Amino acid sequence: MSRLSSLSSPFLLGFDEVERTLDRVAKSADGYPPYNVERIESGSGSPLRLRITLAVAGFGQDELEVSIEEKELTIRGRQVEDGEERIFLHRGIAARQFQRTFVLAEGMNVLGAELRNGLLSIDLVRPEPVRQAKRIDIVSRS
């Protein structure tokens, strides 16, 4: 049975890549680490600002990596077991790796990242696009 695409309208042309991206994001929706996405109000006329905050308790700055490739913001965490042998009576805090990816719209820029009190915050901005209209001349061929 073929899946009915939400972008299959004949009026939506060239959105194949968007559909593949949506499928990929839906498949990788792991719940770890938990995160928030919030809009940062910066006054009228200012560009749209967003902040992504991930709960990364137990990760040090050297165990986290934030990168952008193509239009994807990727946050990776790699905790390394310390070399000493420890005997746990209960182990509820695992040294766990993660990768969380966010697909960015065209024009989104990362302003910076900050690690504070076990929360990694990444600020983004999207300048207001310049709206332009273009008239297409019609050529008559006989």
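## Exposure and the Glu114–Arg116 pair

A residue is called exposed when its relative accessible area is over 50%, buried when that value is under 20%, and partly exposed in between. Arg116 has 52% relative accessibility, so this residue counts as exposed. Please keep in mind that the model you are looking at is predicted.

Arg116 has a charged partner, Glu114, and the two form a salt bridge whose closest N and O atoms are 3.7 Å apart. Glu114 has a relative accessible area of 40% and is therefore partly exposed.

## The three-stranded sheet

Let's turn to the strands. Three of them, in the order S3-S4-S5, make up an open sheet with antiparallel pairing. The edges are taken by S3 (64-69) and S5 (98-103); each has a single partner strand, so one side of each is left without a neighbour in the sheet. From one strand to the next, the twist averages 15°. As background, strands of a sheet pair through backbone hydrogen bonds, in a parallel or an antiparallel manner.

If you would like to look at one pairing in detail, try S3 with S4 (residues 72-77): these two strands run antiparallel and are joined over 6 bridges. Within this pairing, Ser67 is found opposite Thr74 of S4.

## Glu65 and its two arginines

Side chains of opposite charge can pair when their charged atoms come close. By the rule used here, the model holds 6 salt bridges. One of these salt bridges links Glu65 to Arg76, with 3.5 Å between the closest N and O atoms. Glu65 belongs to strand S3 and Arg76 to strand S4, so their pair ties together parts that lie 11 residues apart in sequence.

Glu65 also meets the side chain of Arg78 in a salt bridge, at 3.6 Å from N to O. Here Arg78 sits in the loop between S4 and S5 while Glu65 is in strand S3, so this pair ties together parts 13 residues apart in sequence. How accessible are these two residues? With 34% relative accessibility, Glu65 counts as partly exposed, and Arg78, at 41%, is also classed as partly exposed.

## Gln79 in the loop

Right in the loop between S4 and S5 you will also find Gln79. Is Gln79 buried or exposed? Its relative accessibility is 17%, so Gln79 counts as buried.

The side chain of Gln79 makes polar contacts with the backbone at two places. One contact goes to the backbone oxygen of Gly58, at 2.6 Å. The other goes to the backbone nitrogen of Arg96, at 3.5 Å.

## Arg39 and the arginines around it

Now for strand S1 (residues 35-40), which is home to Arg39. Arg39 has a relative accessibility of 56% and therefore counts as exposed. Leaving aside residues up to four places away in sequence, Arg39 touches Leu48, Arg49 and Leu50.

How far apart are the C-alpha atoms of Arg39 and Arg51? These atoms are separated by 6.5 Å, although the two residues are 12 residues apart along the chain. Arg51 also takes part in a network of salt bridges that links it with Arg49 and Asp123. Arg49 therefore appears twice in this part of the model: Arg39 touches Arg49, and Arg49 is a member of the network with Arg51 and Asp123.

Note on methods
Residues numbered from 1 in each chain as written. Predicted model: local features only at pLDDT ≥ 70, side-chain atom pairs only at ≥ 80, totals over all residues. Heavy atoms only, no water. Pairing = 2+ DSSP bridges. Helix = DSSP H or I, 4+ residues; strand = E, 2+ residues; numbered from the N terminus. Axes fitted to C-alpha atoms, helices over the stretch in contact; angles between N-to-C directions. Buried < 20%, exposed > 50% of the residue type's maximum accessible area, 1.4 Å probe, protein only. Polar contact = N/O pair within 3.5 Å; in protein donor to acceptor, adjacent residues only side chain to side chain. Contact = heavy atoms within 4.5 Å. Salt bridge = Lys/Arg side-chain N within 4 Å of Asp/Glu carboxyl O.
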